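Q: Please take a close look at one helix of this model and at the parts that surround it. A connected account of its buried side and its wider setting would be welcome.

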Amino acid sequence: MSIVITGASGKLGHLIIEQLLHQISPERIIAGVRRLEAGDSYRAAGIQVRLCDYDQPESIEQAMAGASQLLLISSSHADDTIRFRQHAHVIEAAKRMKVEHLVYTSFAFPEHGSGPPVHLHLATEYAIRASGIAYTFMRNALYTDIIEALDLQTIIAEQQIVCPPEAWTFNTVIRADLAAATANVLAQPSKHRNRIYELTASTSWNFSDLAAALSELVGTPMAVQQDPQLQHWIFNFLRTIDTSSTTTDLEQLLGHPPTSLRDSLQPFITGFNSTNY
């Protein structure tokens, strides 16, 4: 039976489909996109492309025709009220179309958080459970991309990471690892029904670890400077979520350790060097 991937034209959706193609035939994959032209590369690979707009319930239902599985990649809309309504459209359509298994990209340890994103994901998880459809919640930790919000260019130029004086620890992951784990779940659904996975790094890292990794990659010593006067939106956000708890769920789904911090940073450093030198 077919698997519908919503948000298939996004970064995570693209990576998941890329990984899924290693395990199942392209004819079993349905790429759900908001703009049909965004699916041209999928068509070339033999993948079905269907309109699937979270704001158009009729398109969602049509996209699911004949599918037994659904991957709901959470909406990227800035307004969480709208995001939840969009998710509800997908869940309701899945129930009407008798989808047997719904996989949802949630957020790691939402019960530990207090900010709007975790409220959205908990509400969506509740709605999925209430639908009666077998589920798998892929609770993704923050992407390692979060370091870009710290202004990597300035960090490297000034050879220091500046942060408020707190015990910051992080459980970040990269999209490619999350995509591979999600593809493994979709390819063998019977093993993962009604399961919740907290997809984090197997071990956490801190700013000293980040400084050491950057020092090795750029060949310049990096320091960590604590500044009690520092005001930055990213730290306010990080205080509202669980950035430190870890599990081995991702490692187990992958069958090997997740990408290390150093290797996760390599693409950012390569991009920085190619742009600035």
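A: In this predicted model, the cover over the buried residues of helix α5 includes α4 (80–96), β5 (101–107) and β6 (134–140). The residues of α5 that are buried are Val118, Leu120, His121, Thr124, Glu125, Ala127, Ile128 and Ser131. Polar residues are thus named alongside nonpolar ones, among them His121, Thr124 and Glu125.

The length of the helix can be checked. Helix α5 covers residues 116–131, and its 16 residues should span 22 Å at 1.5 Å a residue. The C-alpha atoms at its ends lie 23 Å apart, which agrees with that expectation. Directly after α5 comes glycine 132, with a positive phi of about 85°.

One of the buried residues of α5, Ile128, is also touched by leucine 102. Residues up to four places away in sequence being left out, the other contacts of leucine 102 are Leu70, Leu72, Ile91, Ala94, Ile133, Ala134, Tyr135 and Thr136.

Leucine 102 also has a prominent place in the largest nonpolar core: among the 56 residues of that core, Leu102 and Ile5 touch the most other members. Helix α7 (residues 175–187) supplies the largest share of this core, with seven residues. A second core, separate from this one, has 29 residues, including Leu210, Ala213, Leu261 and Phe268.

Notes:
Residues are numbered from 1 along each chain as its sequence is written. This is a predicted model: local features need pLDDT of at least 70, side-chain atom pairs count only at pLDDT 80 or more; totals for chains, interfaces and linings use all residues. Side-chain values use heavy atoms; hydrogens and water are left out. A nonpolar core is a set of buried Ala, Val, Leu, Ile, Met, Phe, Trp, Tyr and Cys residues joined through side-chain atoms within 4.5 Å. Buried means under 20% relative accessible area, exposed over 50%, partly exposed in between (1.4 Å probe, protein chains only). Helices (H or I, at least four residues) and strands (E, at least two) are DSSP runs, numbered from the N terminus. Contact means heavy atoms within 4.5 Å. The expected span of a helix is 1.5 Å times one less than its number of residues.
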